[in-house]
Amino acid sequence: MRTVFWADGVVRMIDQKQIPWALEVVDLHDHHAVAAAITDMTVRGAPAIGASAAFGMALAAHTSGAQTVAELQAELNGAGAVLKAARPTAVNLMWAVDLMLGIAHRPGYASPAGLKVALLTEAQRVADDDVAVNQRIGAHGQTLIQPGDTVLHHCNTGALATVDYGTALGVIRAAHEAGKAFHVLLDETRPRLQGARLSAWELEQLGVSYDILPDTAAGFYMQRGEIKLVLVGADRIASNGDFANKIGTYQIAVLAKENGIPFYCVAPTSTIDPAIASGADIPIEERDPAEVTTPYDTPLVPAHFKARNPAFDVTPYRYLSGIITEHGIARAPFTESLKKALAGETL
Ligand code: MRU
């Protein structure tokens with residue numbers, strides 16, 4: 001099943017808050033509900049958020065009673081603003097909304113009906129492309145995994161974080177499908193536990209050998225020489241290769257460099273933001289401190305204890321061995337290689 005899809009005039013998505021305890025699909029009947037599902041992380045992971053926003057725009061058109069094309073276009077501008085405000089860091093969200101607005105404002109629609117069809121067609125294309133792109137990423141990246149390796153992975157970048165297949169976890173899946181036997185260490189990824197809950201759930205189903213680690217244990221296994229490769233995803237990659245990813249990524253990158261371990265970011269080109277020069281320009285989401293003190297309604301400390309909860313951090317490009325994209329592996333200097341990737345050139 002895909003993470004997010006269109007069915008009979010509604011957007012359907014797997015409720016990731018319930019996994020691994022239950023596999024539930026929720027129906028979303030308007031774009032406000034899609035935005036709320038992105039904000040409360042019913043759906044999460046940069047490419048999955050992007051595809052959800054694309055379907056959210058198609059849904060805004062589908063549910064509109066606008067009588068003219070101009071009226072519908074104006075409504076879609078508003079829907080785009082609502083969706084873009086759902087979460088700030090993953091650029092795939094802005095990318096998908098802008099793509100849909102580009103389709104919406106193309107000249108030549110004879111009626112609102114024609115525009116509605118065009119938007120749904122484009123949203124389906126975004127979703128289908130995501131799967132195909134991830135499979136290409138997997139094919140490029142799996143060459144880095146050798147039989148017998150132990151690979152460290154952070155957060156969840158698998159089928160759930162995308163429409164299907166995954167990025168960094170997609171590389172792991174591709175290596176497994178290529179018949180390689182290796183082991184994966186999954187950072188549990190406090191505070192929302194995407195590694196322990198979602199990545200472990202996915203690797204269970206794929207039959208990939210894994211262990212969940214407390215986030216604080218990564219350095220221990222690196223120092224012992226057990227980790228051969230680190231694979232992480234990205235929410236936004238700046239032109240110079242600096243990238244934002246799930247909180248904790250930066251400290252893993254520093255530890256990997258200290259221990260001489262290759263460290264790769266894995267992402268589709270839709271995660272590259274060519275408008276920003278460096279990671280300093282990436283907006284970082286700070287979420288409710290209750291996610292730290294009371295994760296999933298489980299009180300760890302008294303309710304009045306104080307906490308901070310940055311959802312992402314920025315890893316400077318100098319820690320990267322490379323960025324695995326659908327066009328191949330981008331290497332330093334990233335200002336050059338990422339430009340080529342964005343132009344669709346083979347790396
Ligand atoms: O807060 P989340 O769960 O949306 O954060 C997800 C990540 O940081 C992923 O690593 C990133 O979105 C890439 S997913 C292919």
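Let me begin with a single residue, L255, which, once its neighbours within four places in sequence are left aside, is in contact with G219 and M222. I should say at once that what we are looking at is a predicted model, and that every remark that follows is to be heard with that in mind. L255 has its place in helix α9, and with a relative accessible area of 32% it is partly exposed. There is also a pairing with Q223 to mention, since L255 and Q223 are 32 residues apart in sequence while their C-alpha atoms are 8.9 Å apart in space.

From L255 we can step out to the helix that carries it. Helix α9, residues 249–258, lies across β4, β5, β7 and β10, and its direction runs at about 145 degrees to that of β10. On a second set of strands, α9 lies across β9 (243–246) and β12, and there it runs at about 35 degrees to β12.

That brings me to the two sheets, and I will take the seven-stranded one now. It is an open sheet in the order β6-β5-β4-β7-β10-β13-β14, and its pairing is mixed. At the edges stand β6 (209–213) and β14 (328–330), each with a single partner strand, so that one side of each is left without a neighbour in the sheet. Neighbouring strands here are turned against each other by 25 degrees on average, if direction is ignored. At the β14 end, strand β13, residues 322–325, pairs with β14 in the antiparallel sense over three bridges, and within that pairing T325 stands opposite G328 in β14. Helix α5, residues 112–141, packs on this sheet and touches β10 (263–266), β13 and β14, with its direction making about 135 degrees with that of β13.

The other sheet is also open, and it has four strands in the order β11-β8-β9-β12, again with mixed pairing. Its edge strands are β11 (272–273) and β12, each of which pairs on one side only. Strand β8, residues 236–238, pairs with β11 in the parallel sense over two bridges, and A238 stands opposite D273 in β11.

Now to helix α6, and to the question of how many of its ten residues are buried. Seven of the ten are, so α6 is largely enclosed by the rest of the structure; the buried residues are A168, L169, G170, V171, I172, A174 and A175. What do the buried residues of α6 pack against? They pack against helices α5 and α7 and against strands β4, β5, β7 and β10.

The partner I would like to dwell on is α7. The axes of α6, residues 168–177, and α7, residues 194–206, come within 12 Å and cross at roughly 15 degrees. Angles under 35 degrees count as roughly parallel, and α6 and α7 are therefore roughly parallel to each other. Their crossing is right-handed. On the α6 side the contact is made by L169, I172, R173 and H176, and on the α7 side by S199, E202, L203 and L206. Sorted by character, the residues of this contact divide into four nonpolar, two polar and two charged.

Finally, some points of backbone geometry that deserve a look on the screen. Just after α6, G179 takes a positive phi of about 90 degrees. In the loop between β4 and α6 we find Y165, whose phi is near 80 degrees, a positive value in a residue other than glycine; Y165 is buried, with a relative accessible area of 8%. Y296 likewise is not a glycine and has a positive phi, of about 50 degrees. Y296 is found in the loop between α10 (290–293) and β12 (312–315), and at 34% relative accessibility it counts as partly exposed.

There are cis peptide bonds to report as well. The bond from R190 to P191 is cis, with omega near 5 degrees, and P191 lies in the loop between β5 and α7. The bond from A332 to P333 is cis too, with omega near 0 degrees, and P333 is found in the loop between β14 and α11 (334–342).

Definitions and conventions:
Residues numbered from 1 in each chain as written. Predicted model: local features only at pLDDT ≥ 70, side-chain atom pairs only at ≥ 80, totals over all residues. Heavy atoms only, no water. Axes fitted to C-alpha atoms, helices over the stretch in contact; angles between N-to-C directions. Parallel < 35°, antiparallel > 145°, perpendicular 65-115°, else oblique. Left-handed = near helix turned anticlockwise from the far one by under 90°. Contact = heavy atoms within 4.5 Å. Nonpolar A, V, L, I, M, F, W, Y, C, P; charged D, E, K, R; others polar. Pairing = 2+ DSSP bridges. Buried < 20%, exposed > 50% of the residue type's maximum accessible area, 1.4 Å probe, protein only.
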